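Q: I have a new structure open and I'm not sure how to read it. Could you walk me through it, one feature at a time?

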Amino acid sequence: MGFSDKAPADKTSAGKSFNIRDIKSVIDSEPVLSEEMLKFSEWLSAYYIAPPGETVFLFLPKRLNIKSEHYYSLAADYEEKLNSLIDGSDDVFDVVSLIKKSSAMTPNFLVKTLEKKSGGNIKSVLNFLEKQKIILKSTGYSKQTGDILIKTVHPLFRKEEIDDVILSNGIKAKRQIEFLKILAETELFSGAGELSEIIKKGKFAYSTAEALELKGLIKITDERKSSSHGNFYQEDKKDFELNAEQEYCIKEISASLNANEFKSYLLYGITGSGKTEVYIRALAVAMEQGKTAIVLVPEISLTPQLIRRFKNVFGDKVGVMHSKLNDSEKLHAYHSIKEGRHKILIGPRSALFAPLENLGIIIVDEEHDTSYKQENSPKYNARDAAIVRAKFNNAVVVLGSATPSVESYNNALNGKYSLLEIKMRVESGALPEIKIINLREKPDKTNSALDFLERIKVKFLSHELIYAIGERIEKKESVILLQNRRGYHSFIECLSCGNVDMCIHCNISLTYHKNAGILQCHFCGYSKPLKGICSACGSDRLIPKGTGTERVEDELKKIFPKAVVERLDSDTMGTKYHYQKVLNDFRNGSIDILVGTQVISKGLDFPNVTLVGVVNSDIGLLLPDFRSNERTFQLLTQVSGRSGRSGKKGEVYIQTNHAEYDLFNKVKEHDYAGFYETEIMFRKECNYPPYSRIGLIEVRSKDLKLTENTINNIYKRVAGLNTEKSLIILPPAQPLFSKIKDYHRYHLLIKSPKNSDPSGSRLTNLFRLLNREFPEKADLRIIYDVDAYSLL
């Protein structure tokens, strides 16, 4: 991938000859991808075993494509040939006359313009003129920008001149006079107004505006529509007084920015410690130096507070890019960055590929979050890739988290990253008190509200948690409840035959959604109505199992009928701004209890929240994945950090059936260091990251036999190549979800110890070899995942 100033002398490649073709047209005056971006793209392709085309398109909006179009122009001797025609219709002369007004015109434009006028078959006229060589057809290439263009009216007179303009131009048409008067009344008169708005207001025909333009009174242009991100979340700008730990962090980061040197920092700060303010001060230093910045967040719709705080400080310098934008809005954001209007870009992992020049700093907020890992090719990790891009730009990278990934914390302790710590909350606030509720123990009989609690028959809510919620409602304080599972019930089981309805496309049970009255698969979206009888034996002895957010919300409304309860999960976040509206209402006190999945555990700061409850903390804890403990610790610590972030005392109630697990003690004691020490010993003993790289080969096919044969053949080939036993190869196995969307799945897990393969080249070279030897087919997918994150 690259460019050359000279044509190659040897016109062969891979034994095949090729011809050098002329350049038809130059689309861009300068390269779309800079040299640095091409270099970064090449690294992504090489390290993550992805085709170069896939990695290049990470840097380009979907609608930034090239289109070809035919054009008609007049031949040099068109007049002579036209005069020699024996029979020239009016349509022939109309076509020539129209093309003469411009150097070239498209067939579509000619047909659309002239057929409306004459009613004739303009396509046949064009074919005739082309055969006579009066007009010539050529192909042009242009960039298909996909911009949203709006017709804009520009008045060419002053507001106070309206009566003189009508009189002096002899305008007598009533509709034209009305158009001008409405235009004069618009607030945008001094600049430009949308033509559609004026036409709608006065119920005008478009021809009215065209007639006024011909008279030179207005000008109609196509303007690119500006993209509004509609951040409904509101928060006043605050002035923060930094503590000594924050000051030190900013001093260290600023020194690296001033030195124009590449350096990686791990900013480990407990929840509520003011990491965002450190980000803002560091960005301010970068802005003073004329540099640009990227701020990565796990999911942009989950961090409206962060965006608002950045915009409060940096205004329009802040751009936002995320998955909720449509293609045209993404393209607009891309142009704004290219044109230098945005100096700071906030977004999820895809924002890493923004075309920012003079990049000074990359911030990865919540660096531990799994959403930074892309699950389709190229399967890059944005956190790791951010470090590489920063290195290419001699930029600073800051990885921030209250619960750093084991790998990042290990890198910091070993000196690969510089460790910055903030161990105290802002304004000397206290961390919340965490209580572990063992659901296997009987309720406390001495509770003063026993009569009230005994009447509540909800197994998944302990008496302690219900009582604590009631206290907060009485005090007009806010409550957050986490249940990391959607739906009403996890599944429906038949007592007569034991049948559980499964997805017909995936090997997973269907979740019951009460509001919709359906059983639904959360992988492929397949659903069917719940009929009330078993689909296998016809029995009506069906019982629900498991609890989702929908049921938690429903039961809370019954227990606390006067409280306002709202639910936030992917089922309720249907619109682009619903999440922001709910958070705004929650902050303003319009909502008393907020129930949700893990979306409510990240990046939220509500001063009135004094209670956080975790309904079932065991979800995910027992999954067959070596990162299960780490993810559970991170989730519980993060959601606990939402409580007590102001002067009010905060409490957290975590419900579990496995209170004996040491992990819960570490969460209760806010002991990340203790958790890390236990976890790193397990990782070392089993040779998991950070002591090795995990390579995962996944084979998918709708044909189960083909899937099994292919994975076994790959396994035999890998075992044969591993003569020095430098790789640890586990036998092929089906993952927990062995079929998704009709595709059967098999995994081959390979560990590459870092003591023998520090750069990972042995693993990546093996994957490249296998990629050549085992090509994909129409009914077979083979996916290579370097630094695999999920084994499910």
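A: Sure, let's begin with a word we'll use a lot: a residue counts as buried when its relative accessible area is under 20%. Keep in mind that this is a predicted model.

Q: Okay, so is Tyr 676 buried or exposed?
A: Tyr 676 has a relative accessible area of 4%, so this residue is buried. You'll find Tyr 676 in helix α23, which covers residues 672–686.

Q: Which residues does Tyr 676 touch, leaving out those up to four places away in sequence?
A: Tyr 676 touches Val 406, Tyr 409, Asn 410 and Leu 413. There's also a nice example of how folding brings parts of a chain together: Tyr 676 and Pro 404 are 272 residues apart in sequence, yet their C-alpha atoms are 9.5 Å apart in space.

Q: How should I read a helix such as α16?
A: Here's the general idea: an α-helix has 3.6 residues a turn, so residues three or four places apart point the same way. Now the case here. Helix α16 spans residues 406–413 and is mostly covered, with seven of its eight residues buried. Those are Val 406, Glu 407, Ser 408, Tyr 409, Asn 410, Asn 411 and Ala 412.

Q: What do the buried residues of α16 pack against?
A: Quite a list: β8 (263–269), α15 (382–392), β13 (396–401), β14, α21 and α23. And if you follow the chain just past α16, you reach Gly 415, which takes a positive phi of about 90 degrees.

Q: Let's step back to the whole chain. How many helices and strands does it have?
A: There are 25 helices and 30 strands. The chain has 792 residues, and buried ones make up 49% of them. To see how far apart in sequence the touching residues lie, take the contacts with a separation of 6 or more: residues 24 or more positions apart account for 75% of those.

Q: Now sheets. What is the strand order in the open sheet of seven strands?
A: Read across the sheet and you get β10-β11-β9-β12-β13-β8-β14, with parallel pairing. At the edges are β10 (318–320) and β14 (418–422), each of which pairs on one side only. Neighbouring strands in this sheet are turned by 20 degrees against each other on average, ignoring direction.

Q: Could we zoom in on one strand? Which strands pair with β9?
A: β9 (residues 292–296) pairs with β12 (residues 359–365) in the parallel sense, over five bridges. Within that pairing, Thr 292 has Leu 359 as its bridge partner, and Ile 294 has Ile 362. β9 also pairs with β11, again in the parallel sense, over four bridges. There, Val 295 stands opposite Ile 346.

Q: Which way do the residues of β9 point?
A: Thr 292, Ile 294 and Leu 296 point one way, while Ala 293 and Val 295 point the other way. Both sets are buried, which fits the count for the strand: five of its five residues are buried.

Q: What lies across this part of the sheet?
A: Helix α13 (residues 304–314) lies across β9, β10, β11 (344–347) and β12. This helix runs at about 150 degrees to β10.

Q: What does an antiparallel case look like here?
A: Try the open sheet of three strands, ordered β18-β19-β20, where the pairing is antiparallel. β18 (511–513) and β20 (527–529) are the edge strands with a single partner each, so one side of each has no neighbour in the sheet. From one strand to the next, the twist averages 30 degrees. Three bridges join β18 to β19 (residues 518–520), and in that pair Tyr 512 has Leu 519 as its bridge partner.

Q: Last topic: empty space. How many cavities of 30 Å³ or more are there?
A: Generally speaking, rolling a probe the size of a water molecule over the atoms shows where empty space is left. In this structure there are four such cavities, and the largest holds about 150 Å³ of space.

Q: Which residues line that largest cavity?
A: There are 14, and the closest to its centre are Ile 270, Thr 271, Ala 402, Thr 637 and His 670. Helix α21 (residues 628–640) gives the most to the lining, with three residues. By class, the lining has eight nonpolar, six polar and no charged residues.

Terms used:
Residues numbered from 1 in each chain as written. Predicted model: local features only at pLDDT ≥ 70, side-chain atom pairs only at ≥ 80, totals over all residues. Heavy atoms only, no water. Pairing = 2+ DSSP bridges. Helix = DSSP H or I, 4+ residues; strand = E, 2+ residues; numbered from the N terminus. Axes fitted to C-alpha atoms, helices over the stretch in contact; angles between N-to-C directions. Contact = heavy atoms within 4.5 Å. 1 Å grid on protein atoms, 1.4 Å probe; cavity = no way out; pocket = protein on both sides within 12 Å on 5 of 7 lines; lining within 4 Å. Points joined across faces, edges and corners; volume = space filled by probe spheres on them. Nonpolar A, V, L, I, M, F, W, Y, C, P; charged D, E, K, R; others polar. Buried < 20%, exposed > 50% of the residue type's maximum accessible area, 1.4 Å probe, protein only.
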